[in-house]
Amino acid sequence: IHIFMYDCFFCCMSMPSESVPSACFVLNFEVNLRVVGPIPGKPQNVSTNDTGVKEAVQSAVYLFNNESNDLFFFKASAIDDAQRQIVKGVKYLLKVEISRTVCQKRESNVDLANCDFQPHGVLQQTFLCKAEVWAIPWQKIMKTTSCFCLPSHRSFGQCSSILHTKSS
């Protein structure tokens with residue numbers, strides 16, 4: 001059987017004793033490929049309740065607490081968005097709200113799970129953060145590669161004294 005592939009298959013068949021094909025026909029077909037599951041390299045939405053997402057959020061909050069000079073610890077108050085990307089491990093792309101707790105950094109052995117958020121008032125503060133956390137589960141590695149945070153509009157209750165000026 002000779003097969004030529006163009007927009008269709010062109011098939012000719014001949015018996016071993018024949019030198020000329022005894023039958024030729026064309027097969028028209030359409031191929032539909034459907035990928036099931038995550039596409040490697042493309043970020044996919046993932047539940048904010050996913051265990052890996054929660055661990056990645058903890059990693060980002062840990063970095064924030066270590067790099068801030070605030071007297072109090074912060075912890076996640078909301079996970080707004082989470083994506084997972086398969087890239088030589090798993091990269092988590094997160095949008096997280098972190099808020100100041102009542103637990104002070106000078107305290108030892110603080111468990112953030114047991115720290116309440118600051119009540120409404122001067123000490124209450126929330127940041128909106130975008131973080132990338134890279135995990136290599138088979139090596140038990142989780143590292144926050146970037147974390148960028150801005151104060152949330154909820155934190156601006158004391159900002160009525162800011163002056164806006166126009167250049168002339």
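**Largest pocket.** I sorted the lining of the largest pocket by class and got 10 nonpolar, 4 polar and 3 charged residues. I worked on a predicted model. The volume of this pocket is about 480 Å³. I then looked for the residues closest to its centre, out of the 17 that line it: they are Gln-58, Val-61, Lys-75, Ala-76 and Leu-112. Helix 1 gives the most to this lining, 7 residues. I noted that strand 5 (72–86), like helix 1, supplies at least two.

**Second largest pocket.** I read off a space of about 160 Å³ here. I listed its lining; among the residues are Leu-63, Phe-64, Glu-67, Asp-70, Phe-127, Cys-147 and Cys-149. By class I found 6 nonpolar, 3 polar and 2 charged. Helix 1 has the largest share again, with 3 residues. Strand 8 and helix 1 each supply at least two.

**Cavity.** I looked for closed space next. How many cavities of 30 Å³ or more are there? I counted 1. The largest cavity has a volume of about 50 Å³. I wrote down its lining: Val-57, Ala-60, Val-61, Phe-64, Val-96, Ile-98, Cys-129, Cys-147 and Cys-149. Helix 1 (51–67), strand 6 (90–104) and strand 8 (141–151) are the elements that give two or more residues to it. Helix 1 has the largest share of this lining, 4 residues. Is the lining nonpolar, polar or charged? I found 9 nonpolar residues, no polar and no charged ones.

**Cross-check.** I went back over the lists for shared names. Val-61 lines the cavity and is among the residues closest to the centre of the largest pocket. Phe-64, Cys-147 and Cys-149 line the cavity and also the second largest pocket.

Conventions. Residues are numbered from 1 along each chain as its sequence is written. This is a predicted model: local features need pLDDT of at least 70, side-chain atom pairs count only at pLDDT 80 or more; totals for chains, interfaces and linings use all residues. Side-chain values use heavy atoms; hydrogens and water are left out. On a 1 Å grid over the protein atoms alone, a cavity is a set of points where a 1.4 Å probe fits but cannot get out, and a pocket is an open set with protein on both sides within 12 Å along at least five of seven lines; lining residues have an atom within 4 Å of a point. Grid points are joined across faces, edges and corners, and a volume is the space filled by probe spheres set on the points. Ala, Val, Leu, Ile, Met, Phe, Trp, Tyr, Cys and Pro count as nonpolar, Asp, Glu, Lys and Arg as charged, and the others, Gly among them, as polar.
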